[in-house]
Number of protein chains: 2
Amino acid sequence: MAKATAAGLDEAQANGLAEMWEDGEDRLGPASARRLLVAAVDAFAARGYHGTSTRDIADRAGLSPAGVYVHFASKEDLFFRITLLGHERTLHNAVTAVQSVGEAGPARRLHAVIEAQTTWQARHHTTARVVEYDLPCLSPEHYEQVAAIRRKITALVRGILNEGVRAGVFDVPDVDGMTLALLSMVTDVARWYPSNGRQSPEQLGTLYADLALRMAAPHSSDS
Amino acid sequence: MAKATAAGLDEAQANGLAEMWEDGEDRLGPASARRLLVAAVDAFAARGYHGTSTRDIADRAGLSPAGVYVHFASKEDLFFRITLLGHERTLHNAVTAVQSVGEAGPARRLHAVIEAQTTWQARHHTTARVVEYDLPCLSPEHYEQVAAIRRKITALVRGILNEGVRAGVFDVPDVDGMTLALLSMVTDVARWYPSNGRQSPEQLGTLYADLALRMAAPHSSDS
DNA sequence: GTCTATAACCCGATAGAC
DNA sequence: GTCTATCGGGTTATAGAC
C-alpha cells in the first residue's frame with residue numbers, strides 16, 4: 001500500500017475513496033493523476049467546488065500547485081472527470097443490480113435497484129456528495145453530458161414502477177412523482193451519511209428498499 | 001412596490017423571496033439590510049456560499065462593496081442570519097401544521113407535517129437551498145445553533161411516528177430510519193424543485209404526505 | 001513530469017471623506 | 001449610512017528551468 005506523501009491522503013484511503021477510484025486498466029493515467037483525483041474528491045466533498053483551491057488539491061496529492069495542470073486542463077476539467085466517472089459507475093451499479101435479479105417481477109426489481117443505489121450512496125458518500133451537489137459548477141456542455149446519465153437512472157426507476165402498475169402489482173397514482181421521491185430519498189443519503197452510530201450501508205439499503213416497496217404496494221385504504 | 005435598483009432583484013421578488021423575507025416588525029432593520037438579505041439569498045442559492053462574493057451581493061442590492069459591512073459584521077454573519085431565520089421559520093411551519101390538526105391522531109398529524117414541510121420547501125426553494133446545503137460554511141458556534149433547530153424538527157417527526165406505533169396505527173420497524181428517510185425526501189425538494197412542468201407546491205405536498213402515510217401504515221405483507 | 005516563480009485578477013474587509 | 005479607495009492576501013493558470 002502506497003505511503004501517503006501529504007496530510008489527508010490516508011483519511012481518503014480509509015474512506016473507501018481509493019477503492020472507488022482504483023482503476024485496473026489505468027484509464028486514469030499515471031499514479032499522480034490518480035492521486036490528484038482522490039485528493040480532489042476528498043477536498044470537494046469537504047468544502048465544495050468553489051471552497052476548494054487547486055493548491056489544496058495539489059498539496060493533498062503531494063505535488064506543487066503547477067502539478068495539477070500537467071494532468072488536467074483546468075480545475076473544472078478535474079471536477080468534470082470526477083463527476084462523469086462517478087455518474088457512470090452509479091448508473092452501472094443500478095443496471096447491474098436490476099439485471100442480477102433476472103426476470104423476477106417489478107417488486108424484486110424495485111427492491112434491488114433501491115437497495116443497490118442506497119448502499120452505494122452510503123458506502124461512497126464522499127464521492128457521492130461531490131457528484132450530487134456541485135453539478136451547477138460544470139460548464140453547460142459538461143453538465144449536459146452528466147444530466148444525460150442522470151436521466152437514464154431516472155428512466156430505469158420509472159420504468160420499473162410503470163411495469164408494476166401495468167402488471168397490477170403496484171398501486172402508484174403518480175409514477176413521475178414517486179420516482180422523484182424515491183430518488184430524493186436515495187440521493188440525500190450522501191448529504192447526511194454517516195450519522196451518529198447509524199447503520200451500515202447494507203442495512204440502510206435494505207431499509208430503504210423495504211420503504212420503497214411499501215410506497216408502491218397496493219394498500220388497504222384503497223377502496 | 002419598490003423599484004429594483006440593480007439586476008437580479010426583480011427576479012428575486014418574483015421568486016417569492018421578498019415575501020419570505022418580509023418583516024412586519026422591522027426586526028431585519030432598515031430597507032438596505034433587507035435588500036442585502038434578499039440579494040444574498042438569491043446569490044447563495046445560485047452559486048453557493050463560496051461561489052458568491054460580497055461584491056455580487058452588494059451589486060444586486062444596489063450598494064457599493066463596502067455597503068455590506070454597514071449592516072453585517074461579515075459575509076459569514078450575513079449567511080448565518082439567513083440560515084438561522086430560515087430554520088426558525090421552517091420549524092414554526094412544522095409546529096403550526098401539527099397544531100392545526102389538533103388531537104387528530106398520528107396519521108393526520110404525520111400527513112399534516114409532511115405536507116406542510118414539502119409545500120414549504122417547494123414554495124421557498126430558493127431560501128431552502130441556501131439553508132439546507134451550505135451549513136458547513138457556518139462557524140462551529142453558529143452551526144450548533146442551527147443544528148439545535150434541526151434536531152427539533154427531527155424530534156417532531158420521530159415523535160409522531162412513535163405515537164403511531166404505540167397506538168398501533170403505524171407499523172414502523174425502524175423509527176429513526178424512517179424519520180431520516182422522510183426528512184430526506186422533503187429536504188431534497190429544495191435541490192430539484194422546480195422541475196420541468198411539475199406540480200405546484202401544494203400538489204407536491206399532498207403527494208409526499210400520502211407517500212409518508214403509505215410508508216408508515218400497516219401493510220398486507222405483515223403476517 | 002515536476003519544479004519555482006510569477007502574471008493577472010479577485011477576495012473579504014477596512015479607512016476615512018462626506 | 002453610503003461612498004471611493006485601498007490593504008493584504010488568495011485565486012487560477014502559465015512560463016520556463018531542470
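A salt bridge is a side-chain nitrogen of Lys or Arg within 4 Å of a carboxyl oxygen of Asp or Glu. The views below show a predicted model, in which local features need pLDDT of at least 70 and side-chain atom pairs count only at pLDDT 80 or more, while totals for chains, interfaces and linings use all residues. Residues are numbered from 1 along each chain as its sequence is written, chains are lettered from A and ligands numbered from 1 in the order in which they are written, and side-chain values use heavy atoms, with hydrogens and water left out.

**View 1. Protein residues around DNA strand C.** DNA strand C is surrounded by 15 residues (a residue is near a strand if one of its heavy atoms lies within 4 Å of it). The closest are Ser64(A), Val70(A) and His71(A), along with Thr54(B) and Tyr69(B). Sugar or phosphate accounts for 51% of the strand C atoms within 4 Å of the protein, and bases for the rest. Two helices each give at least two residues to this surface: α5 (68-71) of chain A and α4 (54-61) of chain B. Helices here are DSSP runs of H or I, at least four residues, numbered from the N terminus. By class, the surface near DNA strand C holds five nonpolar, seven polar and three charged residues. Nonpolar covers Ala, Val, Leu, Ile, Met, Phe, Trp, Tyr, Cys and Pro; charged covers Asp, Glu, Lys and Arg; the others, Gly among them, count as polar.

**View 2. Polar atoms facing DNA strand C.** The side chain of His71(A) places an N or O atom 2.7 Å from a phosphate oxygen of DNA strand C. Lys75(B) also addresses a phosphate: a polar side-chain atom lies 2.9 Å from a phosphate oxygen of this strand. Arg55(B) addresses a base instead. One of its polar side-chain atoms is 3.0 Å from a base nitrogen of DNA strand C.

**View 3. Protein residues around DNA strand D.** Again 15 residues surround the strand, here DNA strand D. Nearest come Arg55(A) from chain A, and Ser32(B), Ser64(B), Val70(B) and His71(B) from chain B. Of the strand D atoms that come within 4 Å of the protein, 50% belong to sugar and phosphate. The surface near DNA strand D counts five nonpolar, seven polar and three charged residues.

**View 4. Phosphate oxygens of DNA strand D.** Which side chain has an N or O atom 2.7 Å from a phosphate oxygen of DNA strand D? That of His71(B). Chain A contributes backbone atoms. A polar backbone atom of Thr54(A) sits 3.0 Å from a phosphate oxygen of the strand, and one of Thr52(A) sits 3.4 Å from a phosphate oxygen. The elements that give two or more residues to the surface near DNA strand D are α4 (54-61) of chain A and α5 (68-71) of chain B.

**View 5. The axis relating chains A and B.** Chain B superposes on chain A by a rotation of 180° with 0.0 Å of shift along the axis, RMSD 0.0 Å (least squares on the C-alpha atoms of residues with pLDDT of at least 70 in both copies). That is why the relation is one of a two-fold axis. Met185(B) comes closest to the axis among the residues of chain B, with its C-alpha at 2.4 Å. Both copies use the same surface: 100% of the contact residues of chain B recur in chain A.

**View 6. The interface between chains A and B.** The contact (heavy atoms within 4.5 Å) takes 30 residues from chain B and 30 residues from chain A. About 2,600 Å² is buried between the chains, and carbon and sulfur atoms give 58% of this area. Buried area is the accessible area (1.4 Å probe) that two parts lose on being put together, summed over both. How many salt bridges join chain B and chain A? The count is two. In one pairing, Arg214(A) meets Asp171(B) at 3.1 Å, N to O. Ten residue pairs, both at pLDDT 80 or more, are in polar contact between the chains (a pair of N or O atoms within 3.5 Å; within protein, one must be able to donate a hydrogen and the other to accept it, and residues adjacent in sequence count only if both atoms are side-chain atoms). On chain B, α8 (125-133), α10 (175-187), α11 (189-192) and α12 (201-216) each supply at least two residues of the side that touches chain A. The largest share, eight residues, comes from α10(B).

**View 7. A salt bridge within chain A.** Glu163(A) and Arg109(A) meet through their side chains at 3.5 Å, N to O. Glu163(A) lies in helix α9 (residues 140-167) and Arg109(A) in helix α7 (residues 106-123), 54 residues apart.

**View 8. Cis peptide bonds in both chains.** Most peptide bonds are trans. Tyr193(A) and Pro194(A) are joined by a cis bond, with omega about -5°. Pro194(A) lies in the loop between α11 (189-192) and α12 (201-216) of chain A. In chain B, a cis bond joins Tyr193(B) and Pro194(B), with omega about -5°. Pro194(B) is found in the loop between α11 and α12 of chain B.
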